[in-house]
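New to this one? Take a moment to look over the sequence and the 3D view, then read on for a quick tour.

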Amino acid sequence: MPTQPTLTGDATDPTGSAGGTSGPPGARSRERDRPARGPVRPGVFVKIALMAVVNALGVFGVLAAWREGHMGILAAMVALVVVADWVYFSRRTLPLKYILPGLAFLLVFQVYVVAYTGWVAFTNYGDGHNSTKEQAIEALLLQNERRVEGSATYPLTVVERGGALGFAIVEDGEAKVGTADDPLSEVRDATVDDDRVTEVPGATVLSRQEILRRQAEVTSLRVPVSDDPNDGWVRTQDARTGFLATPTLQWDPEADTMTDVTTGTVYKATSDGSFRDDEGQRLNVGWRVMVGFDNFRTAFGDERYAQPFVKILVWTFAFAILSVVTTFLLGLFLAITFNDTRVRGRRVYRTLLIFPYAIPGFLAALLWSGMLNRSYGFINQVLLGGAAVPWLTDPWLAKLSVLGVNLWLGFPYMFLICTGALQSLPGDVLEAAKVDGAGAWRTWRSVTLPLLLVATSPLLISSFAFNFNNFTLIYMLTRGGPRFADASVPLGHTDILISMVYSVSGLDGTAAKNYGLASALSIVIFVIVATISAITFKRTKQFEEIS
């Protein structure tokens, strides 16, 4: 009887080789557990292409930040690009692949904006203080100039070099070329014809038609003659001849002063970011500096802002609360009505009720502004038979109009969320209430309403926050008017805090820009809304206890 062959390592070798063992058992086990590498999937190439675009945009942002000197933005861009590459090219960061885009947008558009607003709130950023000290000095020297008496005129040629306009002149037989950023310097290979530069290596001589098209740029251009701004610059009025102009102010970096050479007045740099003389008069251009809590003290202590601020704060709370309450009650009433199966044509009615929500808010506010006009509005002329009701010019009627228009715009949203909440209520709970003998009112008060508030409370809080900052409605409908009769700032009876910030900032053109004060008020709004939202979210837990 033949003997059975002995099983050896060769018979169980996963490689099927006829030789001896290919290695220790642990190595062969790891080899079996390692997944086989298949062909590269197309999704890999798509990911590489998308990440290449992300990196290209990141590099562009880094270079732009470097060019403008914003080192903080540069560092943030580098960090975002590095993190994005690590997350999307690593196999151990699967959750972050889904979280990173939203997290990046949160950091850029929320955290950064809030932090920057907070920083501006502690500065004097605004008209006359919107740059660095070096830029302010340069602007003062440029804005205060005079032509040097007895100076010669130069045959001038307008050129473009490196994308920037410049001047080419001939002085003492030498051709010199410069731009606003590069002082005049000699160009040896330039072509000169009849004491006028006609060709410059590396630059383009502008034709007469091109000069006429860019006339404003040419006449406002100043080309410095040296690195010292006190030496002056070359200007032109006809693009054919140039003249030497010097500033009427002279900058002394050692004494940190500006001296008016025509009057001898000395302006000293002060801690508030401006140059002032001994009588307190200041030059019209200053620079940004930290001012601590001065903007907050102005907002709450200066009568120009403190008195209207209290009125506007009270109205803002009233407007936000009444807007939420009225829209919610009307939306809930309609949701209950059309949730009844006995109502016919419910789909048609629901569609019609959503119509106001489909119209853009800014457009609807403009339409209502026209319809409520006292002289030619549809409400007065058609519905009221030619009456002259001052819907938007009387303080109380204007507030009532704002609430009415916001009710028309906001109830469809509440109608939708209440309809969804009612249809999602558990039927067994309602049935149990009936079995326990609860009537319709008791069921509604103790079961339906608490469950409804649990589902809608977060949305009600968000609606409050939205109406607290509903700038579009106020600006498009009343522009904050009618104005306060006793206020020295352009604020009115229907202004809310956010529209007050807009007016104080000067963006509407009615006042000087004061971004520092506007940012301080924005921080106040943020604190108010965040505090109320946190308290309300905490209180909503009590609705979960069904009595």
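Here's a short briefing on one strand and its partners, plus one residue and its surroundings. Keep in mind that this is a predicted model.

**Strand 11 and its partners**
- Strand 11 covers residues 241-247, and 6 of its 7 residues are buried, so the rest of the structure largely encloses it.
- Strand 10 (residues 233-236) runs antiparallel to strand 11, and 4 bridges join the two.
- If you want a spot to look at in that pairing, V234 has L244 in strand 11 as its bridge partner.
- Strand 10 and strand 11 form a hairpin with 4 residues between the strands, where A239 takes a positive phi near 65°.
- Strand 1 (residues 145-147) also pairs with strand 11, in the antiparallel sense and over 3 bridges; here E145 sits opposite P247.
- Strand 2 (residues 154-161) pairs with strand 11 too, again antiparallel, over 2 bridges, and Y154 has G242 as its bridge partner.

**R196 and its surroundings**
- You'll find R196 in strand 7, which spans residues 196-199.
- R196 counts as partly exposed because its relative accessibility is 24%, and the buried class stops under 20%.
- Beyond its neighbours within four places in sequence, R196 touches P155, L156, T157, V170, T191 and R240.
- One of those contacts, R240, offers its backbone oxygen, which the side chain of R196 reaches at 3.1 Å.
- A168 is 28 residues away from R196 along the chain, yet their C-alpha atoms are separated by 8.3 Å.

How values were computed
Residues numbered from 1 in each chain as written. Predicted model: local features only at pLDDT ≥ 70, side-chain atom pairs only at ≥ 80, totals over all residues. Heavy atoms only, no water. Buried < 20%, exposed > 50% of the residue type's maximum accessible area, 1.4 Å probe, protein only. Contact = heavy atoms within 4.5 Å. Polar contact = N/O pair within 3.5 Å; in protein donor to acceptor, adjacent residues only side chain to side chain. Pairing = 2+ DSSP bridges.
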